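I opened this entry to look up how each chain is built, and then where the chains touch. My notes follow in the order in which I went through the structure.

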Amino acid sequence: MMSSPAIETTKPARGRTFGRVLEDHLPYLIIAPAILILLLVGLFPLVYSLIVSFQHITMTENDTSFAGLMNYAELFKDTRLWAALGHTAIITVIALPLELLIGFLMAQLFIDRMPGRQLFVALLVLPTVISPIVAGATWRLMFDVRFGPVGQILSFLAGEPVRILWTVNPAYVYPAIIICEVWQWSPFMFLLLLAALSNVDQSQLEAAELDGASYLRVLRAIILPAIAPVVAVACLIRGLDLVRIFDIIWALTEGGPGSMTETISLYTYIQGFSQFETSYTAAIAFLVIALLTVITTLVLKRMELAR
Amino acid sequence: MRLMTFLGAAALVALTGAAAPAADKDAADIAVEAAKKYSGTTISIVWEAGLQSLDPLNYSGPKWEKLTGIKVKVVEVPTDQMFTKILQDFKSGAGAYDALNVIPSWMPDLARAGALEPLDKYVDKYGYRDELQDIAAAYRDNQMQYDGKIYGFPDDGDVMLLYYRKDIFEDPKMKEAFKAKFGYELAPPKDWKQFDEIGQFITDKMAPKVYGAGFFRTAPYPQYMFQERFRMEGGKFFNPDTMKATVNSDVGLKVLTQMKAENKFMPPGVEQWNFVDNLAAFLQGTTAMTISWPPYGRWAAGYGSGEEALKWVPKSQVAGKVGYALTPLGRPELGVGFDLSVSATSKNKEAAYLFIQWLNSKKTSLERVQLPYTLRDPFRISHYASEKYRSVWPDAPAYLDTVKLSGEKGLLDLSLLQQDKYDEAMTKTISSLWAGEDPKTILDRMAQQFDAITEKVGVENQKAVYKVWAAKPGAYPQ
């Protein structure tokens, strides 16, 4: 008999709680199906690759038995893999600062209003919209020892025939790749940095000018701190792209001479789709994912600290 | 007894009568008749992209459809991706391809994987065995079977030929000067020492207008040249007892050193030359000797020069001036080739089989190897002897005789399990050679790579396959 009033009071309370919970979480409930699908689409291949990396699947064997860490142990013995990682690092370490520097200089040049600025900017950005495989093929023709304009210009400047085997001679093969890479992607840096420079506080620049600060002082004290977040993001995007570089090298050298310019992407492709080492390729992919995750985390952490 | 005799005679008459129509018809007609029941279906065939595929696109595909009502869908795939695509289709079980073009050295891998349909039952059912005997022995005996079963019909007489400029070799002043210097006649080289001497001599006399020789130096040709020269100088790829690679022997070193040295009397930049660069140089008269596949000979003679599809081929400046010979040391590499096969996952196996029997038959193949715009080379005894083919240009008889002789003496491409990996190691080795790396270092590296591949495939498995390959008459010079 004593319990009935209590029941009467709790019923509406429960109803209110459910309603409030529903109200609080409605946005999450609405987006939940989309997130679930995204996770499935994004995670499934990752999880599947992870499973495959612990199996024995090759060209002729569909052996899905558990291989333990065999494929991962193999990674440490594979000298060609580490060489490919080294080649990737060389290209990244040289091309990234060059692209940044050239992009910055171009942005500085175009920050002031000038006649035909928009047209020049549009023309300068053209290489970025070309497919990398086309850029590589075009530069292969440009470097051709008989008909390529690069050789002809160098011969004209030298006053005698200059015959450089850009895609064969070990001394020139990296410069060839880096020239092509920098030609194509410096405009990307240029665009981002042009936007960043446009947003630098003009009043600070004017005040510095009135105070008689030198350009280098202004650059160090005002411009660089202002554009630093954009530079960091631009370097991160291009750095990740460079680690995955494939098309340009495939078109220019196919990783040659020998395996001298074989990057990690080329090597992964060859292992996976030419030699059908499916499980081993999955292990390589996870090694690359791990490396990129570490690098990205470190960069983001640094950006966070800087902020 | 009379009854038995009567029944026996009746059976004989019945059998003869039944067999008579088949005996009257050739393999092409039999395939067409049998295929009519599949009229309205579509079969797909994997074909090498580019000129090769103009055969089924422009000629054989439409003709087959007209004869049988079966449509042919041509799936063009670049050569270096064909193996991958075929295997991917098989592994996925998609059955996207019905008929296939297969490079013979891939046959062990594809057959063992189960990707190719054994063809023996169809060959017997449609009476094709007799016509298979017309295929030149080098291809028929070496490129048709794996483990005693037919998996493909050899359909392309790929083999390397030496092409040389007759006008230069027969020039009295050149002949006299050459004999005075070297003590023997200026003639197609019998060995590589002669090749080097002749090449250097012509370059010294005529460069930069004409160089002694030019070669296709980018992948895949140089690895076939290495295979041929290495074996002809006495080299063996493996120790048959241990399956350890023996390519880094003194013979390997000699061959690589010679190959590298030969670039010096070839046009500058030859290290970068591909098939077309080399073709253009020879057709424009810039090189006096080259070694390549049979289409060079046809195009050098101007055969097919009016064809739209061949507009990219430079107009031959050397028509009527080209001689044909065996490559130095007389045993040329067969170099690639194509088989026609049926995919094990095809849903139209019989229709696909009938199409490839018709394509490969004496009658149809003779027409196909004469198509000027495709790259199919003569591969049947009847092709070499064809009066029609021999009258196509003045030197065609000499050309066909040399193609035939080269085929008869041809050396097989190395064909092991996962051959593409050994091929890749060889290709990388040659590429490093052009880049100036020490030949001994790169040969040692190639041997290590060979051993690692063998280890991974399984030494005993590979040993068994190598034993079968090495026992073939075209594997090593006797």
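Before counting anything at the interface I fixed the term: two residues are in contact if their C-beta atoms, placed from the backbone, lie within 7 Å. I also keep in mind throughout that this is a predicted model.

**Entry 1, the interface.** I looked up the contacts between the chains and found that 19 residues of chain B are in contact with 19 residues of chain A. On the side of chain B that touches chain A, I noted that helix 4 (79–92), helix 5 (107–113) and helix 21 (419–434) each supply at least two residues. Helix 21 of chain B gives the largest share of that side, with 6 residues. Sorting the side of chain B that touches chain A by class, I wrote down 7 charged, 7 polar and 5 nonpolar residues.

**Entry 2, chain B.** I then turned to the fold of chain B, for which I recorded 23 helices and 10 strands. Its C-alpha trace spans about 85 × 55 × 50 Å along the principal axes. I checked the radius of gyration of chain B, 24 Å, against the globule rule, and it agrees, because a compact globule with 478 residues would have a value near 23 Å. As for burial, 51% of the 478 residues of chain B count as buried. I also looked at how far apart in sequence the contacting residues of chain B are: among contacts between residues at least 6 apart, 77% join residues at least 24 apart.

**Entry 3, chain A.** For chain A, I listed 12 helices and 0 strands, so the order of elements from the N terminus on, written out, is α-α-α-α-α-α-α-α-α-α-α-α. The C-alpha trace of chain A spans about 115 × 70 × 30 Å along its principal axes. Here the globule rule gave another outcome, for a compact globule of 307 residues would have a radius of gyration near 19 Å, but chain A has 28 Å. I noted that buried residues make up 26% of the 307 residues in chain A, and that residues 24 or more positions apart account for 70% of its contacts with a separation of 6 or more.

**Entry 4, the domains of chain A.** Which domains is chain A divided into? I found domain 1 (4–52) and domain 2 (73–306), and the C-alpha centres of these two domains of chain A lie 44 Å apart.

Technical notes. Residues numbered from 1 in each chain as written. Chains lettered and ligands numbered in written order. Predicted model: local features only at pLDDT ≥ 70, side-chain atom pairs only at ≥ 80, totals over all residues. Helix = DSSP H or I, 4+ residues; strand = E, 2+ residues; numbered from the N terminus. Rg over C-alpha atoms; globule rule 2.2 N^0.38 Å. Buried ≥ 20, exposed ≤ 12 C-beta atoms within 10 Å, placed from the backbone. Domains from an automatic or database assignment. Nonpolar A, V, L, I, M, F, W, Y, C, P; charged D, E, K, R; others polar.
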